[in-house]
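Biologist: Before we discuss this model in general terms, I should like a close look at a single part of it. Please set that part in its context and then take it residue by residue.

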Amino acid sequence: MTQPVPPPSDDAAPLQFDRAEFTEAPAATKCTVCQCAIRSVYYEVNQRLLCPACREEVEASLKGGSKSKRFLTASMFGIGAAIAGALVYWVVSLTGYNIGLIAIAVGWMVGTAVFKGTESRGGRGYQVLAVALTYLSVAASLSPELFKVMKEREDFTAFHASSHSLGSGQVEPPDEVTQTLAAVVGTAVLTPALPVLVGIEHPMSGLIYGFALFEAWRRNRKAELNIAGPFKLLEAPAEGEAAPAEQERSVG
């Protein structure tokens, strides 16, 4: 026959249900770059925890190197993105739809490409470069339509006749090659002004072009490092000492 279990004494600790006590050690603090555990010293770089080694690498990545090489690389990347953006814009226009919002995507593409070419450093000069390439990309995407209009102009025939007339005989209309060449020259001259002209005629399109330029500018802001530290991790309590307050968390 089993003996009955005696009731708990009055001085026994009461059961607690309002708090959860964790006896496991807290997770080790890790560097956000290399994901290695930080043993003692760490830095805060743009509100991220970094170990000393990674802090030095990040800081070194924004210093030194060839400025001319970075500018050349950023220009090549930006020009490639500008050409690709203009082609995308033009291909979409062939469908009969003029989706001006694509210009914002072009600004993003060019801005991102230039920023990558700067080794993620950015700066005022690269902002100007990205804006200029975005503007030219948008202008180039509008040039095929301008060429079509210039080639089909009826007043070109009249201009040709008046400029070649000698007062006698009938002047023949210009041939295809002459008219095409004139359209090419007129398109080349007017293309740089196309985004402005279109923006004046269609304010909504002008606003979209402005957003595209702003996106290219925004993505190339100069990278800045806010470094704080060094800081030391709090040492773990010795055996027998009270656990820190963070190990006890309220539930509910």
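In what order do the elements of the protein run, from the N terminus on? Within that order my interest is in α7: which of its residues are buried, and what covers them?

Modeller: The model is a predicted one, and what follows should be read in that light. From the N terminus on, the order is β-β-β-α-α-α-α-α-α-α-α-β-β, which amounts to eight helices and five strands. Of the 252 residues in the protein, 26% are buried. Among contacts between residues at least 6 apart in sequence, 71% join residues at least 24 apart. The exposed area is about 18,000 Å², and carbon and sulfur atoms supply 62% of it.

Turning to α7, its buried residues are Leu194, Pro195, Val198 and Gly199. Viewed down the helix axis, these buried residues fall within an arc of 130 degrees, so they line one face of α7. An α-helix has 3.6 residues a turn, so residues three or four places apart point the same way. The face turned away from the buried side of α7 carries the exposed residues Ile200 and Glu201. The cover over the buried residues of α7 includes α4, α6 (176–190) and α8.

The surroundings of this helix are best described through the nonpolar core. The largest such core has 26 residues, and those with the most contacts inside it are Ala103, Val110, Val114, Leu133, Leu142 and Tyr209. At least two residues of this core come from each of α2 (67–94), α3 (102–117), α4 (124–151), α7 (194–201) and α8 (203–218). The largest share, eight residues, is supplied by α4. In soluble globular proteins, nonpolar side chains tend to be buried together.

Tyr209 links this core to the helix you asked about. Neighbours within four places in sequence aside, Tyr209 is in contact with Pro195 and Val198, and also with Tyr89, Ala103, Val138 and Leu142. Pro195 and Val198 are both among the buried residues of α7. A second, separate core has eight residues, including Cys31, Ile38, Tyr43 and Leu50.

For completeness, the strands deserve a brief account. Three of them form an open sheet in the order β3-β2-β4, with antiparallel pairing. β3 (48–50) and β4 (227–232) stand at the edges, each with a single partner strand, so one side of each is left without a neighbour in the sheet. Neighbouring strands of this sheet are turned by 30 degrees against each other on average, direction ignored.

The pairing can be followed residue by residue. Strand β2 (residues 41–45) is joined to β4 by four bridges: Val41 has Lys232 as a bridge partner, and Glu44 has Ala228. Three bridges join β2 to β3, where Val45 stands opposite Arg48. These two strands form a hairpin with two residues between them, and Asn46 in its turn has a positive phi of about 50 degrees.

To return to your question, α7 has one face lined by buried residues, while Ile200 and Glu201 lie exposed on the face turned away from it.

Technical notes
Residues are numbered from 1 along each chain as its sequence is written. This is a predicted model: local features need pLDDT of at least 70, side-chain atom pairs count only at pLDDT 80 or more; totals for chains, interfaces and linings use all residues. Side-chain values use heavy atoms; hydrogens and water are left out. A nonpolar core is a set of buried Ala, Val, Leu, Ile, Met, Phe, Trp, Tyr and Cys residues joined through side-chain atoms within 4.5 Å. Buried means under 20% relative accessible area, exposed over 50%, partly exposed in between (1.4 Å probe, protein chains only). Contact means heavy atoms within 4.5 Å. Accessible areas come from the Shrake-Rupley method with a 1.4 Å probe; for residues, only the protein chains shown count as cover. Two strands pair if DSSP finds at least two bridges between them. Axes are lines fitted to C-alpha atoms, for helices over the stretch in contact, and angles run from 0 to 180 degrees between N-to-C directions. The arc is that of the directions from the helix axis to the C-beta atoms.
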